[in-house]
Amino acid sequence: MNEIWQSRMLIRGKVIDQNGRPLPGANVVIGGTMKGVVTDAEGYYVIEANKGEVLVFSFIGFQEKKVTVGDNQAINVTMAEETTLLDETVVVGMGTQRKASVIGAISSVEVDRLRIPQRSLTSALSGRIAGATIVQRSGEPGYDEASFWIRGVSSFGANQRPLILVDGVEREMSNISIEEVESISLLKDASATAVYGVRAANGVVLVNTRKGIAQKPVIEAKIEYGISDLLKMPKFLDGANYARLYNEAFGKENYSEEYIDHLESGVNRFFWPNVNWFDEIFKKWSNNMNASINVRGGGERARYFINAGYFEDNGNLREYRNLNEYDSNITLKRYNFRSNVDLTLSKTSHLNVEIGANLTDAHEPGVGNRTLYSTYFASPAEELFYWSYLSTPLSAPVRLPIEYNEDGTVHKWGWGAPSQIGEKNPAERLLGSGYNKRFASQVMSQVILNQDLSFLLEGLNFKGYFSFDAYNNTIQQRHKAMSTYAVEGVDDETGFLITKEVDKGQDFLGYAKDLRSTRAVEAKAQFNYNHLFDNRHRVGGMLMYYQRDFINGSASSAIFSLPYRKQGIAFRTTYDYKDIYFGEFNLGYNGSENFPKNKRFGFFPAAAVGYLISNEPFWHIDVVDFFKIRGSVGLVGSEALPNNMRFGYLSTWGSGINPGHPVKETGYAFGLDPIRIPGTGEEQIGVSDLTWEKGLKKDVGLELKMFKNAFSVDIDYFHERRTDILIRRQSLPSITGFNQQPFANMGKMINQGIETTLEINQTVNGFYYKLYGNFAFTKNKIIEMDEPEREYAYRRRTGHRFGQLFGMKAIGLFESQEEIDNSPEQKFGPVRPGDVKYNNTNGDSFIDIDDEVAIGYSYIPEIIYGFGTQFLWKGFDFGLFFRGQARVSYPLYGSTFIPFSEGVGKGNLFKKALDRWTVDNPDPKAFYPRLSDGRSTNNWQPSTRNIYDGSLLRLSDIELGYNVNKKHLSQWGVQGLRIYVLANNVALFSKWKMWDPETGTPNGNKYPLPRKINFGIRTTF
């Protein structure tokens, strides 16, 4: 008895929830007994217990927690909420709601599925969330940002992008690390987006970062390292076949059989170069790395989440360290930091301080000045593609010996000079052009005051927000050009090559810079109300004031340097009866500086209703756990002007006739022999009644969960009619004398479609599996675009989808001159056997541009889908994910795609050029028509032959992992350890074989999406 008495002790502590709030009335009971106490108003308790006994903590709506009594007499407990399916929290516009109450079209994605080796968070979303149309046009590190639309395209106006909000603030999300993210949601219908009013016409993306919770500090660490290679690189023709096709297009022998034999045998690469330029500038393998550490925890007074991350991605460009003192490959390094701290100031007051930052440090080859002959190159690699396409395999040797040692060894090498004017040695452009250093920093900060006002009105609280963001981008250009050399002959005595300098280079690095910066300030004040009356009537409300001030610190003109300002009020009220019947009304009242005072502000209302049939008393279908029908209708808006212009209601003045025209002279001409005098004239004509672009959105949805939530499906049908689209007038003739066509609210467009999400998950004898997928089909149609009248209605762009391709309908290749003579005359230039034959659409006696029709689809996919599976068994996990696109077409054109379009010997050829029509092999299904010396205008009209199907299925991810048993980790103080291998962009299945169709290029001149294989370790302490 004495020993037992000595082991008894007083245990004291406090019970709180994960937000640090005390839980009064929580039960604290000694396990297996009836002895217990209840926490007081501050959450404190005192209980007498023996060492080794178990204290059981319980509270309605929270998960039960058990703690064994040890030597410590102070036991504080944090309890987690035990949410049911109906009580789960869903992020909505400007707040959260219970899942049961959500009747808007909102989709979310599991964050764990996004932990792939992608720099861009936007790209990581591709195929993983219903309603998100995402295509990645390039895989080049630093230039791999994806194009993003929600529910396709609803407008042909200037603004088609969704509004992206990170922690409620308008921000870019691309460079946010996935380790920082708690949730990502898409708001798609009017009821979900109307509170954002003028900014929400194209949908809203909500990214919420992770916050602190009351718990012992938990440390998560991750490190990944991997390799990458390039899939679907275009294939060039070898030198021997190039020479043969040269002769064929030229119509006579230019390269002899002996010359071609030398090319095939590789007898002397200096006299008979046979170069695959892609092999000279690209390497097979590269590497990447990804590491992060998170700390999350806190208590009653403060809770915190701190993250630091590092991401490195290297390109697949070649580098020769013995040639330069700098690297020629692309290297991108990104550093992420986030600190979210939640402070409890009092029982009713909380303060959140959020600071996030990322710094991108990129190194890349210099190449050129990005613009050549009015062609703009989006990246250095894109320019390298240009030079590789322009240079033939016979153009020049890669390197030449230009100086020799006395013993006959090469003392100095020089770059080979291309034989054609205007060409550059692609390898010299990569390795001898210098380098660029790009630094970009994004700093995001926000302070939130959360004040509970229940002492005034139960269920009422206030939130005040203030954020300040800054973005800076610096580019340092250290460019140069190396000398190039050509072979003149061979020294008869020594056998050494005799070379001459063709282009004198600049061996020192030059210097130029480009500095850009922006900053944004946002302030919001928000009242929220939520209360349950009589256990059946749940009423909610939200009222918010919002304003934003954005300044472009590197604006190109005084007008663009003025602050971009937005201001508005948002209101929402919700009601549900017994979690069966739901109603919601939203209202946004917003303003835009782009419109005159009497048009500046406008109302954007939306309403939604829902019916949770499975909660009805009469519902007795046990296999159905959740069945909801919902619908919404509302108005949203957009205020962007074409070409990012501002203040469309104001007239502006400039230099007069032809301002900014690249060819025509400006000013005024006088006299028979014109003398031009500078002057002043109208540039933009202000339109005094401009107003918002408006979208009337409708949505009907169904949500179903069955078999104890093992099966779930969501289906939505949506329809939007966009009116008052802001456009520049297209039907005004040149005789009106406008330097710039005036703005107008004249565009009209319809967009509609269906989307669905499906998931099946089940555990059988310890084996867990999940099958999931999403599918979206959208189709739009232009109703009015102020298009000039055309003689034939089928040529009108009005009535077709946005981005619809137009061209001739090709019906084969002419087999003979007789067939040409007996066919309608084609007005596109000379026609010979092997040339393309077109359909006579209008039935007249000849074929011209009036015979063009709509062909293919748009360059934006109408079908986007993704599906995958996941398996878990005894610590092992395995996952597969596929994504795809369909009903999408891309055109084929340009001198780099059309063989010998600038004349024989100019421009490289794809290996596919061997599949062409010839006299000896008059294949009507040949990929290329007859080859010609110079471009055949007839053959390369936009037509059904000159587009390709962009449909694809991509095996996006394969992941295999193992979670080490916790029993083996506890002695090391480790809570969890996972080892895994993850492959990204594994394989591509597509009808189009020449390059990755997702890049959408007319000639394959984009850096392909790399395949990455990463090995990683994730641990928790």
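Okay, let's start with one residue, Gln-118: with a relative accessibility of 17%, it counts as buried, because the cut-off for that is under 20%. You'll find Gln-118 in the loop that runs between β10 (106-109) and α2 (121-124). And what does Gln-118 touch, leaving out residues up to four places away in sequence? The list is Ser-123, Ala-124, Gln-136, Phe-311 and Asn-984.

I should say right away that this is a predicted model, so please keep that in mind as we go.

Let's zoom out for a moment. The protein has 10 helices and 56 strands. Its radius of gyration is 34 Å, and the globule rule gives 31 Å for 1021 residues; those two are close, so the protein is as compact as a globular protein of that length. If you lay the C-alpha trace along its principal axes, the span is about 115 × 75 × 60 Å.

On burial, 51% of the 1021 residues are buried. As for contacts, take those with a separation of 6 or more: 69% of them are between residues 24 or more positions apart. The protein exposes about 46,300 Å², and 55% of that comes from carbon and sulfur atoms. Then charges: I have 114 positive side chains and 117 negative ones, with the centres of the two sets 5 Å apart.

Right, on to the strands. Please find β55, residues 976-989, on your screen. On one hand, β55 is joined to β54 (residues 952-963) by 10 bridges, and the two run antiparallel. Within that pairing, Gly-961 has Tyr-980 in β55 as its bridge partner. On the other hand, β55 is joined to β56 (residues 1010-1020) by 9 bridges, again antiparallel. There, Leu-977 stands opposite Thr-1019 in β56.

Now, which strand is joined to β56 by 11 bridges? That would be β17, and the two run antiparallel. β17 covers residues 215-230, and its Asp-229 stands opposite Arg-1011 in β56. β17 also pairs with β18 (residues 286-298), in the antiparallel sense, over 12 bridges. An example from that pair is Ala-221, whose bridge partner in β18 is Ile-293. While you're looking at these, remember that side chains in a regular strand alternate between the two faces of the sheet.

Let's do a helix too. How many of the 11 residues of α7 (residues 380-390) are buried? It's 9, so α7 is largely enclosed by the rest of the structure. Among those buried residues are Glu-382, Glu-383, Phe-385 and Trp-387. What covers them includes two helices by name, α6 (277-281) and α8 (426-431), plus strands such as β21 (349-365) and β26 (434-452).

Last stop: backbone angles. Most residues other than glycine have a negative phi. Asp-579 is not a glycine, yet its phi is positive, about 55 degrees. Asp-579 sits in the loop between β32 (564-577) and β33 (581-592). Then there's Lys-874, with a positive phi near 50 degrees, and again this is a residue other than glycine. Its loop lies between β50 (863-873) and β51 (876-886).

So which of these are buried or exposed? Asp-579 is buried, with a relative accessible area of 14%, whereas Lys-874 counts as exposed at 63% relative accessibility. That's my tour, thanks.

How values were computed. Residues are numbered from 1 along each chain as its sequence is written. This is a predicted model: local features need pLDDT of at least 70, side-chain atom pairs count only at pLDDT 80 or more; totals for chains, interfaces and linings use all residues. Side-chain values use heavy atoms; hydrogens and water are left out. Helices (H or I, at least four residues) and strands (E, at least two) are DSSP runs, numbered from the N terminus. The radius of gyration is taken over C-alpha atoms; the globule rule is 2.2 Å times the number of residues to the power 0.38. Buried means under 20% relative accessible area, exposed over 50%, partly exposed in between (1.4 Å probe, protein chains only). Contact means heavy atoms within 4.5 Å. Accessible areas come from the Shrake-Rupley method with a 1.4 Å probe; for residues, only the protein chains shown count as cover. Lys and Arg count as positive and Asp and Glu as negative; His and the chain ends are not counted. The place of a charge is taken as NZ of Lys, CZ of Arg, CG of Asp or CD of Glu. Two strands pair if DSSP finds at least two bridges between them.
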